Amino acid sequence: MPGLGTSPALTVALVIALQLVALQPTVLHCAKTFYMHWNTTNSIFRIDNTDHIIDVNKGNAQFEYDQVHIICPVYEPGTFDNETEKYIIYNVSKVEYETCRITNHDPRIIAICDKPNKLMFFTITFRPFTPQPGGLEFLPGNDYYFISTSSKDDLHRRIGGRCTTDNMKVVFKVCCADDQQQQQQQHHGHLPSNVAGLVGCTATTTTTTSTSKPTKKTKEYDKHPNEVVKNEELTYNNAAS
Ligand SMILES: *[C@@H]1O[C@H](CO)[C@@H](O)[C@H](O)[C@H]1NC(C)=O
Ligand SMILES: *[C@@H]1O[C@H](CO)[C@@H](O)[C@H](O)[C@H]1NC(C)=O
Ligand SMILES: *[C@@H]1O[C@H](CO)[C@@H](O)[C@H](O)[C@H]1NC(C)=O
């Protein structure tokens with residue numbers, strides 16, 4: 001009887017089968033993509049819930065970072081300007097978030113939604129490093145506060161506005177503080193490298209091996225800079241047709 005080990009085809013099949021089994025748990029570690037419509041009718045901004053407090057990077061494999069697409073309000077052609085919402089969204093401190101008063105003289109702008117007839121969105125990747133000086137960095141264990149104090153009549157106002165009247169504010173809680181991270185790693189064990197992208201991640205990010213250091217990921221930076229990476233302007237007509 002031919003030994004099991006003598007059939008290369010069988011060996012290959014076995015190896016593949018074993019790898020498939022090994023891959024299964026990584027489904028849970030994929031980076032997630034959120035779509036956030038920044039307008040007053042979105043229920044996440046309702047004051048009676050906590051949907052505007054968002055956990056990101058939770059349970060992700062190393063070097064897998066969640067993304068959010070912030071989608072500006074968009075209206076059909078012919079909509080009166082006075083019936084549209086426009087926003088500037090700022091990164092602010094916790095106190096500024098809580099009071100809807102931006103006291104920083106040079107607040108960091110996250111998005112400018114001032115073209116209500118164009119479909120515009122701004123993409124943010126929650127990674128802890130950034131290629132550009134002064135770029136957005138999202139450190140594990142920290143909270144990031146985005147608000148818009150624009151009002152119906154004043155896009156540029158820094159106090160009150162729809163932050164106060166319509167609760168236009170979100171918090172991103174970036175997973176995880178050091179101690180949590182350690183627990184998480186112990187709990188999940190070592191992950192096979194370079195696989196999450198193969199197993200049904202809607203992956204927006206390219207999976208990288210868990211041995212590479214952030215400092216080596218220059219190519220990744222280019223593809224997914226931490227900055228608002230997309231500021232796509234499609235005319236409403238194009239989007240609708
Ligand atoms: C507002 O957000 C909702 C999602 O909550 C979306 O369906 C709607 O199209 C948005 N409205 C505008 C004007 O962009
Ligand atoms: C907006 O302006 C148009 C024309 O200028 C007017 O007919 C309409 O009533 C206004 N809408 C609101 C909400 O003020
Ligand atoms: C966001 O705002 C907070 C509070 O002012 C600040 O500590 C943090 O550095 C800001 N992030 C960026 C990328 O500007």
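The following paragraphs lead through a predicted model, from its overall make-up to its central sheet, its nonpolar core, selected loop residues and two ligand surroundings.

The protein chain comprises six helices and ten strands. Of its 241 residues, 25% count as buried. Among the contacts in the protein chain with a separation of 6 or more, 73% are between residues 24 or more positions apart.

An open sheet is built from five strands in the order β2-β9-β8-β4-β5, with mixed pairing. Strands β2 and β5 stand at the edges and have a single partner strand each, so one side of each is left without a neighbour in the sheet. On average, and with direction ignored, neighbouring strands of this sheet are turned by 20° against each other.

The pairings can be followed across the sheet from the β2 edge. Strand β2 (residues 53–56) pairs with strand β9 (residues 169–174) in the parallel sense, over four bridges; within this pairing, I53 has V171 of β9 as its bridge partner. Strand β9 also pairs with β8 (residues 143–147), here in the antiparallel sense and over five bridges. In that pairing D143 is matched with K173 of β9. At the other end of the order, β4 and β5 run antiparallel and are joined by five bridges, with Y87 standing opposite C113 in β5.

Several of these strands also contribute to the interior. The largest nonpolar core contains 34 residues, and those with the most contacts inside it are I70, I89, Y90, F126, F146 and I147. At least two residues of this core come from each of β3 (67–71), β4 (87–92), β5 (108–113), β7 (121–125), β8 and β9. Strand β4 gives the most, with five residues. For F126, the contacts beyond its neighbours within four places in sequence are V56, N57, Y65, D66, F138, F172 and V174.

One of those contacts, N57, is located in the loop between β2 and β3. N57 counts as buried because it has 21 C-beta neighbours inside 10 Å, the cut-off for burial being 20 or more. Although N57 is not a glycine, its phi is positive, at about 65°. F63 is found in the loop between β2 and β3 and likewise has a positive phi of about 65° without being a glycine. With 22 other C-beta atoms within 10 Å, F63 is therefore buried.

Two further loops merit attention. The loop between β9 and α4 (178–188) holds C176, and the peptide bond leading from C175 to C176 is cis, with omega near -10°. In the loop between β7 and β8 lies G135, which counts as partly exposed because it has 14 C-beta neighbours inside 10 Å. G135 and R108 are 27 residues apart along the chain, and their C-alpha atoms are separated by 9.8 Å.

R108 also belongs to the surroundings of a ligand. Around ligand 3 are N91, V92, S93, N104, R108, L136 and E137. This shell has two nonpolar, three polar and two charged residues. Ligand 1 is surrounded by H37, N39, T41, N42, P73, V74 and Y75. By class, the shell of ligand 1 has three nonpolar and four polar residues, and no charged residues.

Terms used
Residues numbered from 1 in each chain as written. Chains lettered and ligands numbered in written order. Predicted model: local features only at pLDDT ≥ 70, side-chain atom pairs only at ≥ 80, totals over all residues. Near = placed C-beta within 6 Å. Nonpolar A, V, L, I, M, F, W, Y, C, P; charged D, E, K, R; others polar. Pairing = 2+ DSSP bridges. Core = buried A, V, L, I, M, F, W, Y, C linked by C-beta atoms within 7 Å. Buried ≥ 20, exposed ≤ 12 C-beta atoms within 10 Å, placed from the backbone. Contact = placed C-beta atoms within 7 Å. Axes fitted to C-alpha atoms, helices over the stretch in contact; angles between N-to-C directions.
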